[in-house]
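Notebook open, coffee poured. I wanted to look up a few spots in this one and jot down what turned up.

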Amino acid sequence: MSSVADTPITRAGTLSRLKPGPLWLAAPALAFVAVFLLLPMLRLIGLSFSGEDTAGVSLEHYEHLASTPIYLRILWITFRISLLTAFFSVVLGYPVAAWLARLPDASRNKWLFLVLLPFWTSYLVKTFAWMIMLGDRGLFNSILTGTGVTESSLDLMYNELGVLVGMVHAMMPLAILTMVPVMTGIDQRLPLAAGSLGAKRAQRFWLIEFPLAMPGVAAGGLLTFITSLGFFIVPAYLGGRGQTMLAQIIIMQVQELVNWAFAAVLSVMLVVAALVAIWIYDQFFGLSSLTQASSAGPKGSKRGAKWLRRAGQRVLEGLALICSPFNHLGDRGTEGPKPVRAAYLCLLFLFLLAPAIIVLPLAFTADQTLTFPPPEYSTRWFEEYFGSPIWISATIRSFGVAFVTAILATVLGGMAALALARSDSRFGKAVFGLMLAPMIVPRIVIAVGLFYLMAQMGLVASNIGLIIGHTLLAIPFTFIAIGAVLKGYDWRLDQAAATLGAGRLTVLRLITLPLLRGGIISAALFAFVTSFDELTIALFISGGLKSTLPKQMWDDMYLQLNPTLAAVSVVVLVIVTAILLLAQRVQKS
């Protein structure tokens, strides 16, 4: 007589439990992140605790860091500049984000393109343009001395002012793009209701609108702060010795001093700073709000932060009182921006688009030097670019690496997004966090960890190494882009096809993928741009042999600013603009 455990119903139940769920679709992406992000990070942490002359665990490198004033000073400079960058990016970008959030969807998408363009433009191109504008004989000093405002040129570069201008310009689009979804979800009837009850303009803003927008404001500050920690391009070209940041020291320790252990210590410091910032954000808002267009406000379950929230409420009440004399400026309406707001928006968009505006005419100069405006115009520098085997080889390699990266990142990120959309597993939050990890960890740390791993795998100075590194950086963008499309997907269509006898692969091939085609293509285009403009990974993995276009620009900028760089910058801008326009068109269709 057979036991209950041997019945067909019991065996079927056992098989159903063993059957892989939707979350298994994320396994390839998780494995990729584990091997090329988590493993190098763990190896760097272990390396930071290794001793030069002693076996086993040692704190000598941390002691060296703590006992050397110059490194502590650089650590403080890095944190200070990153905090200032995050602060100004959010404060200056807030009015733009609030204005965009109130626009109709069609108009908002058009204006968002002007924010996306500087966001995806290469840091090298932007930095090159700011060097032209802020130099002793640059555009700003020429205007000031030419109009008689100043008798001599001002020091606008090689100081903290120049670094902050370049970094705020680079980070403000990220802050705006992070705040807009949260502000879009704010119910505009709430301020109107408060106004009908007698609340003044300042009270409605500080006590209702701003608290509801706070998750987006904090998320923008968090992402800009973490990204700024790993900056090295802007401080290297626009700053002086007093603005040296930690990422520059890490590069020097690896490439010049070959001191891997101390570079690992500095990398750990950056990661710890990023984790502390993330922990603070999680205590107030929760990490899930980073990608949710909600304005739910702070989480009430974090008891330890209640006293700080109460203090924040008192500060907002004080700000409302201080701003009360300006209530006569009027309410925001739907009739269009007020004159002051219109002037501010024009100035800010001019600030964001300034590098593109400046670089374009400089690329057509006939002169040997970079002067604005050019005395004469010519296409000689484009001819030099297209006739140079070095530049063309770097361009072709960038296209090839970016094309393969787009395919891999879209497949891996798309499968992970599909897994989370179809699964209600308790491991979903962990998968979500791992998919965003390459975007949260400072890029210089990822580059150092990958370089250390690939040097032992023999993948340095190889296209495969570049593709792996760029795919790792692009996965979060494809994951978020496809995940956003999946939120509005009607899964009943798949269920209807399944009831008619279609298998899972058939449903995926004939229904799911065609309906998600626009989002998938858009995600692939963003991954392409991420790879095409990437420098940090290429700086380490290319090994000086497999140079990409940004790496070649970096090498040339170190030697001398010349019109050929302006021509290359225009080529990069044209490529990025074309891809963004294509992505926007695909999203609309």
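Leaving aside neighbours within four places in sequence, which residues is Gln 248 in contact with? I looked it up and found Phe 232, Pro 235, Ala 236 and Gln 243, where contact means heavy atoms within 4.5 Å.

A note to myself on the ground rules: this is a predicted model, where local features need pLDDT of at least 70, side-chain atom pairs count only at pLDDT 80 or more, and totals for chains, interfaces and linings use all residues. Residues are numbered from 1 along each chain as its sequence is written, and side-chain values use heavy atoms, with hydrogens and water left out.

**Entry: Gln 248.** I placed Gln 248 in helix α12, residues 246-255; helices are DSSP runs of H or I, at least four residues, and strands are runs of E, at least two, numbered from the N terminus. I also checked Ile 444, which is 196 residues from Gln 248 in sequence, with 9.2 Å between the C-alpha atoms.

**Entry: Val 165.** I found Val 165 in helix α8, residues 160-184. Beyond four places in sequence, Val 165 touches Trp 130, Leu 134 and Phe 351. The C-alpha atom of Val 234, 69 residues away along the chain, is 9.3 Å from that of Val 165.

**Entry: Thr 365.** Is Thr 365 buried or exposed? Thr 365 is buried, because its relative accessible area is 1% and buried means under 20%, exposed over 50%, partly exposed in between (1.4 Å probe, protein chains only). Thr 365 lies in the loop between α15 (339-362) and α16 (380-386). Its contacts beyond four places in sequence include Pro 374, Tyr 377, Arg 380, Trp 381 and Pro 563.

**Entry: a charge over a ring.** Two of those partners came up again: the charged end of Arg 380 sits over the ring of Trp 381, 4.2 Å from its centre. The rule asks for NZ of Lys or CZ of Arg within 6 Å of the ring centre and within 35 degrees of the ring normal.

**Entry: the second largest cavity.** I noted that its lining includes Leu 117, Val 125, Lys 126, Leu 352 and Leu 573; a cavity is a set of points on a 1 Å grid over the protein atoms alone where a 1.4 Å probe fits but cannot get out, and lining residues have an atom within 4 Å of a point. The elements giving two or more residues to this lining are α5 (105-120), α6 (123-134) and α15. The largest share, four residues, comes from α15.

Note on methods:
On a 1 Å grid over the protein atoms alone, a cavity is a set of points where a 1.4 Å probe fits but cannot get out, and a pocket is an open set with protein on both sides within 12 Å along at least five of seven lines; lining residues have an atom within 4 Å of a point.
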